[in-house]
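Thanks for making the time this morning. I would like to walk through one model with you, going from the sheet outwards to the ligand and then to a few backbone details.

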Amino acid sequence: MFTQHRLIQALFREPVDRTPVWIMRQAGRYLPEYRSVRNKAKDFLTLCKTPELACEVTLQPLERYPLDAAIIFSDILTIPDAFNLGLQFVENEGPRFLNPIQSLRDIEQLPTVDPETELRYVMDAIRTTKAALQNKVPLIGFAGSPWTIATYMVEGGSSKSFSKIKKMLYAEPEALHRLLEHLSKTLINYINAQIVAGADVVMIFDTWGGILSNPDYRDFSLNYMEDIVKNVLRVYEGKRIPFILFTKNSGPYLSAIACSGCDAVGLDWTMPLDKARDLIGHKVALQGNLDPAVLYGNVACIQSEVKKTLRQFGVGSGHVFNLGHGIYPDIDPEKVTILLEAVHTFSAPYHKS
Ligand code: CP3
């Protein structure tokens, strides 16, 4: 008999035997086996663009740990790379675009991207990984939010002040809306293609939504994510596809995010789960929200912080355990074993009927 995956059940707030858990950036530099493949692949982008290697590193954390999901190894910047903005990952610096967006003219000239052509390597990685997983755990597909991708395209890389994109927001709002519209359309096709290729769950990362003023968050980030939620496949081949929306520092906007039509909301550690559950837990599932720095702590510390997080959510389904942001590259991989054991052991009593 086919039983539904724990992750999918929790995302739809259906009963589970224990809280499902996966880790943002679970395939990453904290794993020696990742660093080894990454060194062989020359650089990070080559790794993303070689489906067999992307599949191999996606599976690495699952070989080591009893996780409840795989997340396809890729990046939110595959989209602007497909727009030919000249993406490079500079060692110890992060992403950089040789041709950033500087004007309305640049925006008008952005090409239309076909996910099965320019981004075929992502779809091939999903197809290869999906076959290798043999349905043992669900595969999560993902994309960046239009706003978060736009910040990288306009800033030309990572930023501290976000002055270029904020200048565009206040000085040329129509231009920025044109860019966000183009990104939304592209992302709808991209996410749908990921679902058709085999993604069982989809997640949008809005890492930089929290730097916007309130109500600009609604106009420049949430509205576009809502447009995506409403226009992507929510059922495919008879299976419902859960949609997770993660905005970092989203505390002030939780009610609005929960009304977007998504199935689950990702939270960072600044928002206590009990408060979030009171506010929106009757509408959507919650994912998160352990501070990734807890993994620097000892066994007792990790166990106590896991217990605290589980206690905050409380009894019943609708919680997917995760960190509040990606795992840091200098975390000892043993600490992840401790974390997962703690979630498995301490969450079961919250699910007894
Ligand atoms: O979670 C996973 O295991 C899936 C893989 C994944 C990566 N990036 C791999 C990656 C996911 C989901 C992302 C999303 C992503 N990428 C986000 C949103 C989530 C977040 O972290 O806020 C953002 C903002 C990016 C853009 C990006 N990619 C930056 C700023 C950097 C450099 C910073 C860093 O950590 O080095 C990357 C590179 C990147 N993406 C790495 C990985 C494993 C490190 C690359 C390497 O050196 O091997």
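**Notes on strands, ligand and backbone**

Asn289 lies in strand β10, which covers residues 285–290, and the peptide bond that leads into Asn289 from Gly288 is cis, with omega near -5°. Please keep in mind throughout that this is a predicted model.

Let me place that strand in its sheet. The sheet is open and has seven strands, in the order β1-β4-β5-β8-β9-β10-β11, with parallel pairing. Its edge strands are β1, residues 70–71, and β11, each of which pairs on one side only. Further along the order, strand β5 (residues 201–206) and strand β8 (residues 243–247) run parallel and are joined by five bridges, and within that pairing Phe205 has Phe246 of β8 as its bridge partner.

Across β4 (139–144) and β5 lies helix α10, residues 173–197, which runs at about 170° to β4. Does the length of α10 agree with what its residue count would suggest, or disagree? With 25 residues at 1.5 Å a residue, α10 should span 36 Å, and because its end C-alpha atoms are 36 Å apart, the two values agree. Just after α10 comes Gly198, which takes a positive phi of about 135°.

Back to the edge of the sheet, and to Asn322, which is found in strand β11, residues 319–323. Is Asn322 buried or exposed? Its relative accessible area is 1%, and since buried means under 20%, Asn322 counts as buried. If we leave aside neighbours within four places in sequence, Asn322 is in contact with Trp22, Ile23 and Met24, and also with Gln287, Gly288, Asn289 and Leu290, so that the list includes both residues of the cis peptide bond from Gly288 to Asn289. There is also a polar contact to mention here, in which a polar atom of the Asn322 side chain lies 3.0 Å from the backbone nitrogen of Met24. As for Ala256, it is 66 residues from Asn322 in sequence, and the two are 22 Å apart in space, C-alpha to C-alpha.

Now to the ligand. Which residues are closest to it? Of the 23 residues that surround the ligand, the closest are Arg25, Arg29, Tyr34, Arg38 and His325. For Arg29, a polar side-chain atom lies 2.6 Å from an oxygen atom of the ligand. The backbone takes part in such pairs as well: a backbone N or O atom of Gln26 lies 3.2 Å from a ligand oxygen atom, and a polar backbone atom of Ala27 is 3.4 Å from an oxygen atom of the ligand.

I will finish with some backbone details in the loops. The peptide bond from Asn214 to Pro215 is cis, with omega near 25°, and Pro215 is found in the loop between β5 and α11 (216–231). Asn92, which lies in the loop between β2 (87–90) and β3 (94–97), has a phi near 60°, a positive value in a residue other than glycine. Phe162, placed in the loop between α8 (146–155) and α9 (163–171), likewise has a positive phi, of about 55°, although it is not a glycine. In accessibility, Asn92 counts as exposed at 81%, whereas Phe162 is buried, with a relative accessible area of 6%.

Conventions
Residues numbered from 1 in each chain as written. Predicted model: local features only at pLDDT ≥ 70, side-chain atom pairs only at ≥ 80, totals over all residues. Heavy atoms only, no water. Helix = DSSP H or I, 4+ residues; strand = E, 2+ residues; numbered from the N terminus. Buried < 20%, exposed > 50% of the residue type's maximum accessible area, 1.4 Å probe, protein only. Contact = heavy atoms within 4.5 Å. Polar contact = N/O pair within 3.5 Å; in protein donor to acceptor, adjacent residues only side chain to side chain. Pairing = 2+ DSSP bridges. Axes fitted to C-alpha atoms, helices over the stretch in contact; angles between N-to-C directions. Expected span 1.5 Å × (residues − 1). Near = heavy atom within 4 Å.
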